[in-house]
Each structure stands twice: as C-alpha cells, then as structure tokens.
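Please work through the exercises below with the sequence and the model open beside you, and try each task before reading its solution.

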Amino acid sequence: VLDRFRGRWPESLPIRPLDPGVWSGQKPTFREARPAIIDAAAGRAATRPSGNWFVLAASAAVRPDRPYGARVAGAEIVAWRDSDGTLLAGPGGCPHLGAPLAEGRVDSGRLLCRWHGLTLDRSGGFGWRPLPSFDDGVLVWVRLDAVGGEAALPAPVLPARPDPETSIAAVATMPGTCEPVDIVANRLDPWHGAWFHPYSFARLRVVHAPPRREVSEADDRFVVDVTFRLSKRMGVPVRAEFRCPEPRTVVMRIIEGEGRGSVVETHATPLGAGADGRARTAVTEAVIATSERPGFARAGRAAGVLRPLMRWGAARLWRDDLAYAERRYALRNGLV
Ligand code: FES
Ligand SMILES: [Fe+2]
C-alpha cells in the first residue's frame with residue numbers, strides 16, 4: 001500500500017515511507033570511516049578543557065529525601081539536596097569511621113550518618129567538606145580537581161540546549177568496561193549507524209567529517225543525514241550534527257527536520273577500576289527533545305514523530321554502542 005503513495009507523499013509530513021531494503025544491500029561505509037579521522041576527532045576532544053567537572057547523575061536522581069551514592073574515578077561520592085533544593089555533594093565516606101554516607105539519612109537538608117549519627121550540611125563537619133557541584137537542571141556534576149588535573153572552571157562546559165519551557169528531557173545511565181575515550185570514539189564514528197543499528201537508523205549518509213588537517217572549530221563536527229526508524233516501512237528523516245564541547249561529552253543535535261534543536265548528550269564518567277582491574281565508565285545519555293509543534297511540551301511526553309528520538313536510550317541501542325566501546329577498549333589494551 002505504501003508503495004502506491006510513495007510518489008505523492010505530502011512534503012509537510014515528517015514521517016516518510018521507507019524502503020525496507022536489505023541490510024546486506026546497504027552501501028559499505030568502511031572506506032569512509034577512516035580510523036585516523038575518528039581518532040583525531042577523539043584526540044581533539046580530549047584536549048578541550050573540562051574544568052575538572054564530571055557528570056554524576058540525572059538531576060532527578062538526587063533527591064531531598066535520601067542520599068545518592070556514586071563513584072567517580074575511584075572516589076566515592078555522596079550527593080543530596082538541602083532543604084531549599086540546593087545540590088550538595090562530597091566524599092562518600094563518613095569522616096568519623098568511614099561508614100558509607102550514601103546509606104545515611106537526610107533530615108531537614110542535613111545528612112545523618114547511620115553508624116553514629118554524625119551530621120553533615122553545606123558547611124561540612126568533622127573535617128568533611130562538600131565538593132564543588134553543579135545542577136544544570138537535567139544533570140548534576142561534581143568537580144574533582146585532583147582527578148581532572150586541569151585548571152578548575154567555575155562551572156561545567158555545557159552544550160547549548162533547547163529552552164526547558166518547550167522541551168522534555170529523559171536521562172539514562174549504564175556502566176561499561178572501558179574508558180571515556182572509547183565512548184567518545186564510538187559516537188565519533190557516525191558511519192556505523194545504519195549498519196550496526198539497522199533497527200534504529202536507515203539511509204545514513206555522512207555529509208561532513210572534519211578534514212584531515214588544520215581543523216577549524218567550525219569544521220570540527222560530523223554531519224549526518226539519517227532516517228530514524230519508526231517501523232520497518234516508516235521513518236523520520238533528519239540532519240544531525242555531532243560535536244564534543246569537552247573531553248567527556250558528545251552532543252548530537254538535530255539541525256534540520258522534525259525535532260530541530262533537540263539534542264542527545266552522551267557523557268562519559270570514569271568510575272575507576274573494577275574488581276578485574278579493568279576500567280569502568282558510566283555512560284549518561286540525556287535526550288532533550290523539542291518540537292516546533294504547538295503543545296509539544298505541554299503534552300508531557302514525546303508523542304508521535306519524536307518517539308524514536310526519545311527512545312534513543314532504548315536498551316538495544318545502548319547495549320550495542322557499549323559493546324562497541326568495550327571492544328575498542330579491549331583491543332587497545334590487548335585483552336582480546
Ligand atoms: S562512622 Fe559515621 S558517625 Fe561514625
Ligand atoms: Fe551507535
């Protein structure tokens with residue numbers, strides 16, 4: 001039935017019919033996907049300043065009624081909210097006898113240790129001091145100067161985002177056995193999209209990659225024409241751009257098509273070594289979707305055509321990209 005309509009499909013409809021095609025019939029991309037281009041882009045990202053800021057969690061995960069525990073580069077971190085909602089974060093071990101503060105209780109904005117009732121607040125206590133922390137409304141960050149080793153910045157380097165009034169955000173996190181650079185390098189290989197994730201992407205074409213030498217800031221991006229699959233025979237074509245604003249963040253921004261201005265931010269946070277001695281990294285993916293369609297944000301959830309974008313964090317896409325990053329890490333370290 002769709003085939004009959006394909007020739008006269010209304011241009012204004014964001015959903016387009018899609019030739020289901022055959023996976024093996026796609027144009028191979030391995031010649032274009034030069035390892036040197038990907039590595040150089042990841043290398044340039046690594047040299048940008050982060051100001052020693054690390055993504056800790058989704059903003060919504062740090063609550064006023066209980067502490068949130070995490071690990072960043074081997075350091076235990078605890079975070080909670082003061083009675084006025086202010087984010088507080090600091091070392092995760094109690095300054096008395098080292099109890100895990102993440103298992104404590106929050107009472108009127110103060111964190112109480114479960115072992116002997118030591119109380120911590122924004123002014124610290126017993127030698128414990130809060131760390132610089134930042135809540136950008138979608139994610140919370142912590143600044144670890146000893147881990148980052150760069151010049152500290154007063155706030156994290158944030159990508160431009162759509163207006164929160166007219167957008168909706170969803171955050172998902174998953175740990176993997178790799179380093180942040182492996183996560184970044186995976187996202188800076190746009191050529192794998194339709195081959196490796198055929199259930200999500202179709203008709204992918206890389207229309208711009210950074211040149212091999214003398215890369216200007218404006219050129220340091222990948223631009224991709226791709227169709228987000230809704231089903232086997234339907235999809236939403238968009239043009240998307242990938243950039244790294246700082247060493248552990250890759251931002252995909254829809255620059256043309258439905259959902260223009262929406263971003264998918266991928267943040268990699270080193271967790272430290274696992275019991276096997278191999279590196280662990282948390283991937284935090286924030287999808288911030290916007291639409292020029294009236295009532296989009298009020299509808300409270302991404303309806304219709306933005307569904308595939310909101311499902312970016314869907315388990316399968318995640319698992320596959322993490323497997324790619326883990327494989328890259330294993331290859332780099334002679335573990336295969
Ligand atoms: S260990 Fe926390 S109060 Fe004693
Ligand atoms: Fe991918």
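The exercises that follow concern a predicted model, and they treat a metal site, a strand with its partners, and two pockets.

**Exercise 1.** Find which atoms coordinate the iron ion (ligand 2), and decide how the geometry of the site is classed.

*Solution.* Begin with the contacts: the iron ion (ligand 2) is coordinated by NE2 of H192, NE2 of H197 and two OD contacts of D321, at 2.0 to 2.5 Å. Next, look at the angles among the four donor atoms, which run from 56 to 149 degrees. A tetrahedral site with four donors would need all angles between 85 and 135 degrees, and the site of the iron ion (ligand 2) is in fact classed as irregular.

**Exercise 2.** Describe how the donors of the iron ion (ligand 2) are spaced along the chain, and explain which parts H197 and D321 tie together.

*Solution.* Reading along the chain, the donors follow the spacing H-x4-H-x123-D. H197 lies in the loop between helix 5 (193–196) and strand 12, whereas D321 lies in helix 7, so the pair ties together parts that are 124 residues apart in sequence. As a last step, check the accessibility, for which buried means under 20% relative accessible area: H197 is buried at 1%, and D321 also counts as buried, at 8%.

**Exercise 3.** Work out how strand 17 is covered, and which strands pair with strand 17.

*Solution.* Strand 17, residues 279–290, is mostly covered, since eleven of its twelve residues are buried. On one pairing, strand 11 (residues 167–176) joins strand 17 in the antiparallel sense over ten bridges, with A170 opposite V287. In another, strand 16 (residues 263–273) is antiparallel to strand 17, again over ten bridges, and here A268 has V283 as its bridge partner. Five residues lie between the strands in the hairpin of strand 16 and strand 17, where G277 takes a positive phi near 85 degrees.

**Exercise 4.** Characterise the lining of the largest pocket and that of the second largest pocket.

*Solution.* The largest pocket has a volume of about 390 Å³, and among its 19 lining residues P20, G21, P198, A202 and R229 are the closest to its centre. Its lining holds ten nonpolar, four polar and five charged residues, and strand 12 (residues 201–208) gives the most to that lining, with four residues. Turning to the second largest pocket, its space is about 240 Å³, and its 14 lining residues include A33, I38, D189, H192 and Y324, which lie nearest its centre. Nine of the lining residues of the second largest pocket are nonpolar, two polar and three charged, and helix 2 supplies the largest share, three residues.

Note on methods:
Residues numbered from 1 in each chain as written. Chains lettered and ligands numbered in written order. Predicted model: local features only at pLDDT ≥ 70, side-chain atom pairs only at ≥ 80, totals over all residues. Heavy atoms only, no water. Buried < 20%, exposed > 50% of the residue type's maximum accessible area, 1.4 Å probe, protein only. Helix = DSSP H or I, 4+ residues; strand = E, 2+ residues; numbered from the N terminus. Pairing = 2+ DSSP bridges. 1 Å grid on protein atoms, 1.4 Å probe; cavity = no way out; pocket = protein on both sides within 12 Å on 5 of 7 lines; lining within 4 Å. Points joined across faces, edges and corners; volume = space filled by probe spheres on them. Nonpolar A, V, L, I, M, F, W, Y, C, P; charged D, E, K, R; others polar. Donors = N, O, S within 2.8 Å, 3.2 Å for Na, K, Ca; no water. Tetrahedral: all angles 85-135°; square planar, octahedral: opposite > 155°, others 65-115°.
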